[in-house]
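Q: I have a model open and want to learn to read it feature by feature. Where should I start?

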Amino acid sequence: MSTIPDASGAGSVDPNLDFAGTTPYEDYVQADVLTHLQHPLSDDPGEMVFLVTTQVMELWFTVIVHEWETASRALREDRLPVAMDALKRSVRELEALNHSWRPLSQLTPAQFNAYRSALGEGSGFQSAMYRRMEFLLGEKSASMLVPHKAAPRVHAELEKALYQPSLYDEVLRLLARRGLPIPQDVLDRDLSQKYEPSPVIEETWAGIYADQDQNGELVRLGEALTDIGELVWRWRNDHLVATRRAMGSKTGTGGSAGVAWLEKRARKNVFPELWTARSHV
Ligand code: HEM
């Protein structure tokens with residue numbers, strides 16, 4: 001190993017420089033792979049940050065899916081503290097995800113137009129990892145698999161996620177195991193369908209929240225889910241506003257009506273009864 005003397009000449013406390021192969025950092029992080037995955041489609045210098053922000057968001061989606069799958073498994077095994085740790089980590093990760101809108105939040109139509117046509121029909125709508133997030137939130141839809149029919153691995157992962165219980169399904173099953181009223185038809189629901197709110201479950205959450213002392217653990221679970229719901233709502237709305245600023249009411253590259261379509265998506269709340277129950281506590 002080579003050492004370089006420090007400025008005082010008192011021997012080396014400097015990092016190692018010499019490695020037999022690639023650096024251990026590279027072996028772990030694969031930074032060389034990661035930093036050579038940027039292939040802009042236009043000559044516009046502003047496209048790079050659009051591409052990298054999208055890639056950064058894909059990485060956050062991946063981490064968040066990992067946390068919610070960890071939490072779902074832990075809930076299934078009645079390990080609530082493990083689930084809570086994963087949910088709380090995901091709240092901070094969602095905050096980081098949402099902050100990554102900043103570089104794109106004030107794009108003008110002329111700036112976006114400089115590379116928009118190069119994107120062709122490419123759209124975030126086709127993000128499979130975002131779709132897995134939505135499936136875990138209960139927003140299931142078999143038609144969302146169609147764009148991925150030519151990508152076997154992606155399609156298989158999404159299909160598996162479609163038929164698995166969402167994070168909220170696991171929460172409701174845990175409440176049922178603890179003797180709280182959860183309708184049997186909700187527990188037996190077709191998991192590949194979008195979750196529909198239930199008045200009985202709204203009452204169950206209202207009951208949990210009405211007695212914080214008795215139900216501390218479940219209130220904390222409800223609040224972690226509410227934090228997630230709020231931050232997902234914020235992501236959708238930040239996306240909506242950035243889109244409105246960048247392209248007004250033009251149609252999307254993915255073929256939708258654009259802002260009008262996103263407005264409809266952004267109006268929904270995930271974990272619906274956790275919001276409506278608040279009127280009855
Ligand atoms: C300012 C830049 C952006 C604009 C103008 C924009 C525009 C749009 C539009 C119009 C749609 C609707 C589908 C379509 O017709 O294309 C959409 C969907 C979507 N975009 Fe973006 N987008 C932007 C940035 C991003 C970024 C950085 C991401 C990160 C991955 C992203 C992820 C998504 C996702 C996941 C959807 C589907 C949403 C859903 O299914 O509810 N977008 N975008």
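The dialogue below goes from the overall fold to single residues.

A: Start with the kind of model. This one is predicted. Then look at the secondary structure.

Q: How many helices and strands are there in the protein chain?

A: The protein chain has 13 helices and zero strands. Read along the sequence, the pattern is α after α throughout. Next, take the overall extent. The C-alpha trace spans about 70 × 55 × 35 Å along its principal axes.

Q: What share of the protein chain counts as buried?

A: Of its 281 residues, 23% count as buried. Contacts add another view. Among those between residues at least 6 apart in sequence, 66% join residues at least 24 apart.

Q: How do I check the span of a helix such as α11?

A: Compare the expected span with the distance between the end C-alpha atoms. At 1.5 Å a residue, the 32 residues of α11 should span 46 Å, and its ends are 46 Å apart, so the two agree. The helix α10 passes the check too: 12 residues should span 16 Å, and its end C-alpha atoms are 16 Å apart.

Q: Why might buried residues line one face of a helix such as α10?

A: Begin with the geometry. An α-helix has 3.6 residues a turn, so residues three or four places apart point the same way. Now the case here. The buried residues of α10 are Ile201, Thr204, Trp205 and Ile208. Seen down the axis of α10, they fall within an arc of 95°, so they line one face of the helix.

Q: What do the buried residues of α10 pack against?

A: Their partners are α8 (167–177), α9 (184–187), α11 and α13.

Q: Which residues of α11 are buried, and what covers them?

A: The buried residues of α11 include Leu218, Leu221, Leu225, Ile228, Leu231 and Trp235. Thr243 and Ala246 are also on that list. Their cover includes α4 (80–99), α5, α8, α10, α12 and α13. Just after α11, Gly248 takes a positive phi of about 55°.

Q: Where does a positive phi turn up in a residue other than glycine?

A: Check the phi value, then the place, then the burial. Gln30 has phi near 55°. Gln30 lies in the loop between α1 (24–29) and α2 (31–34). It has 11 C-beta neighbours inside 10 Å, so Gln30 counts as exposed. Phe271 has phi near 50°. Phe271 is in the loop between α12 and α13. With 22 C-beta neighbours inside 10 Å, Phe271 counts as buried.

Q: How do I read a record annotation such as "binding site"?

A: Treat it as a pointer, then look at the positions in space. UniProt, in an unreviewed entry, places this feature at Arg116 and Thr253. The positions are spread over 138 residues of sequence, yet they cluster in space, with a largest C-alpha distance of 8.1 Å.

Q: Where do Arg116 and Thr253 lie?

A: Arg116 is in helix α5 (residues 109–116). Thr253 is in the loop between α11 (216–247) and α12 (259–266).

Q: How many C-beta neighbours do Arg116 and Thr253 have inside 10 Å?

A: Arg116 has 19, so it counts as partly exposed. The cut-off for buried is 20 or more. Thr253 has 18 other C-beta atoms within 10 Å, and is partly exposed as well.

Q: What does Thr253 touch, leaving aside residues up to four places away in sequence?

A: Thr253 touches Arg116, Leu119, Gly120, Glu121, Gly122 and Ser123. The two annotated residues are therefore in contact, their C-beta atoms lying within 7 Å.

Q: How many residues surround the ligand, and which are closest?

A: Count the shell, then sort it by source and class. Here 24 residues surround the ligand, and the closest are Ser123, Gly124, Gly252, Gly254 and Ser256. Helices α3 (47–76), α11 and α12 each supply at least two shell residues. The largest share, five residues, comes from α11. By class, the shell has 10 nonpolar, 13 polar and one charged residues.

Q: Is Ile64 buried or exposed?

A: Ile64 has 26 C-beta neighbours inside 10 Å, so it counts as buried. Ile64 is in helix α3. Beyond residues up to four places away in sequence, Ile64 touches Ser90, Glu93, Leu94 and Met133. Ile64 and Leu87 are 23 residues apart in sequence and 9.0 Å apart in space, C-alpha to C-alpha.

Key: Residues are numbered from 1 along each chain as its sequence is written. This is a predicted model: local features need pLDDT of at least 70, side-chain atom pairs count only at pLDDT 80 or more; totals for chains, interfaces and linings use all residues. UniProt positions are given in the numbering used here, feature names are shortened, and annotations may be inferred rather than shown by experiment. Helices (H or I, at least four residues) and strands (E, at least two) are DSSP runs, numbered from the N terminus. A residue is buried if 20 or more other C-beta atoms lie within 10 Å of its own, exposed if 12 or fewer, and partly exposed in between; C-beta atoms are placed from the backbone. The expected span of a helix is 1.5 Å times one less than its number of residues. The arc is that of the directions from the helix axis to the C-beta atoms. A residue is near a molecule or strand if its C-beta atom, placed from the backbone, lies within 6 Å of it. Ala, Val, Leu, Ile, Met, Phe, Trp, Tyr, Cys and Pro count as nonpolar, Asp, Glu, Lys and Arg as charged, and the others, Gly among them, as polar.
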